[in-house]
Amino acid sequence: MNPVYRFGSWLIDKYAGLREKISPGWLEKNRSKLVETKLSVYVFTSSRIGLTGLALVVITLFLAIFGPFIAWEPYDVYPILNKPELAGKLPHPPCFGNCEGLPMFGTDQYGRDVLSLVVRGFRIALVMSIIIVVTSSLIGILIGLVSGYFGGIVDEILMRFTDMMLAFPGLILAIAFSLTLRLSLRDFLMANPTATSIVASLFALDPKDAPNLANLLSVFLALILVWWPPYARVVRGSVLSVKEQGFIEAAKALGLSTWKILTRHIFPNIMSPLLVMVTFDFATATLSSAALSFLGLGPQPPVPDLGLIISQAGQYFPERSWWIVIEAGTALLLISLGWNLVGDALRDVFDPKTRRSIELKAKIEVRK
């Protein structure tokens, strides 16, 4: 039996045991759901693509959480200032022999260790993508639920506003929002040291980089503003098909509140496409935020943003900075590839045709 599946099944059993202790009788009521969950875990762990993606996601999450502590050099120190004689040699390529006291994996134009910067960059990339996707999906889900369930004039107003947002190219609109928001955010952070410290700790940066923190905030707020409309459209379409089913009519007849119907009966039945969409968007949001930083709309040096690192290397590319582009680009590739592979595997888990082909084998394994 797949060890990853065994571990996932063990976690499900532990969760079920904990819920049973808190609410006696919960296990018996939800036994069929637990079996279905184990089947989903089996289908996912049976996919080599899914396991590869999961491994990449775990690695990138580990680097995002612990990268700032692992990085062996501070990001805001410029060695070139202490060694002016290196000015003509920078950026310095990787070397595995006599490096003249320079980092083994190469430096940027300021003499900083590129690999150390990239390790720190995982935190910024992952935090940006998670905040963008989670926040925008919550906004889109709320608008889609309200629009699809109530219909009528509410549906018309919300969907026409959504259509208006979708009519503009997302990246162009994000650029406009980013340029508009950055000055206001900079003033807010300069006037609120507590907020600056919170944001700085989130991105593992120094609070003295308040202007750069404002640029980071402007990028992900701009992307949130343009990222929610697809979620609203997907949720609305799913709600329209679910709300006409018999169990929703029965819930209304029993006198359940609108909130309970939306959260307990409709939302759980439309989660499958949303989960797949969210995993793919983690990859897309990472690349989009890096693209805005590459265009100069994100933070400025010395912040170790992956898009900024690649952009700064452009003036020396390809002869004198190919290693910078490769190292930072590989980090972005690992992040986006991992989430895309996980999304592909989840799509198979929720696809009835694919699932049915291995369901019998999965049930046999689950009962062992």
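These notes cover the cavities, the nonpolar core and two residues of a predicted model.

1. **Cavity count.** Start with the empty spaces inside the protein. The model has 3 cavities of 30 Å³ or more. The largest holds about 100 Å³ of space. The second largest holds about 50 Å³.

2. **Lining of the largest cavity.** This cavity is lined by 13 residues. Find its centre in the structure, then look for Asp 108, Arg 112, Leu 308, Ile 309 and Gln 312, the lining residues closest to that centre. Two helices, α6 (114-150) and α15 (306-313), each supply at least two lining residues. Helix α15 gives the most, with 3 residues.

3. **Character of that lining.** What kinds of residue line the largest cavity? The lining divides into 9 nonpolar, 2 polar and 2 charged residues.

4. **Lining of the second largest cavity.** Here the helices α6, α14 (271-294) and α15 each supply at least two residues. Helix α14 gives the most, with 4 residues. The lining includes Ile 124, Ala 125 and Met 128. Thr 286, Ser 289, Ala 290 and Ser 293 are also among the lining residues, and so are Asp 305, Leu 306, Gly 307 and Leu 332. By type, the lining divides into 6 nonpolar, 4 polar and 1 charged.

5. **The largest nonpolar core.** In soluble globular proteins, nonpolar side chains tend to be buried together. In this model, the largest nonpolar core has 83 residues. Leu 145, Phe 203, Leu 205, Phe 220, Leu 223, Ile 266 and Leu 306 touch the most other members. Helix α6 gives the most to this core, with 16 residues. Note that Leu 306 appears in this list and also lines the second largest cavity.

6. **Phe 203 up close.** Which residues does Phe 203 contact, leaving aside neighbours within four places in sequence? The partners are Arg 123, Ile 124, Val 127, Met 128, Leu 216 and Phe 220. Two of these partners, Ile 124 and Met 128, also line the second largest cavity. Phe 220 is named with Phe 203 among the core residues that touch the most other members.

7. **Val 57.** Val 57 lies in helix α4 (residues 48-70). Is Val 57 buried or exposed? Val 57 counts as buried because its relative accessibility is 6%, and the cut-off for buried is under 20%. Not counting residues up to four places away in sequence, Val 57 touches Gly 338, Trp 339 and Val 342.

8. **Val 57 and Phe 203 together.** Along the chain, Val 57 and Phe 203 are 146 residues apart. In space, their C-alpha atoms are separated by 19 Å.

How values were computed. Residues numbered from 1 in each chain as written. Predicted model: local features only at pLDDT ≥ 70, side-chain atom pairs only at ≥ 80, totals over all residues. Heavy atoms only, no water. 1 Å grid on protein atoms, 1.4 Å probe; cavity = no way out; pocket = protein on both sides within 12 Å on 5 of 7 lines; lining within 4 Å. Points joined across faces, edges and corners; volume = space filled by probe spheres on them. Nonpolar A, V, L, I, M, F, W, Y, C, P; charged D, E, K, R; others polar. Core = buried A, V, L, I, M, F, W, Y, C linked by side-chain atoms within 4.5 Å. Buried < 20%, exposed > 50% of the residue type's maximum accessible area, 1.4 Å probe, protein only. Contact = heavy atoms within 4.5 Å.
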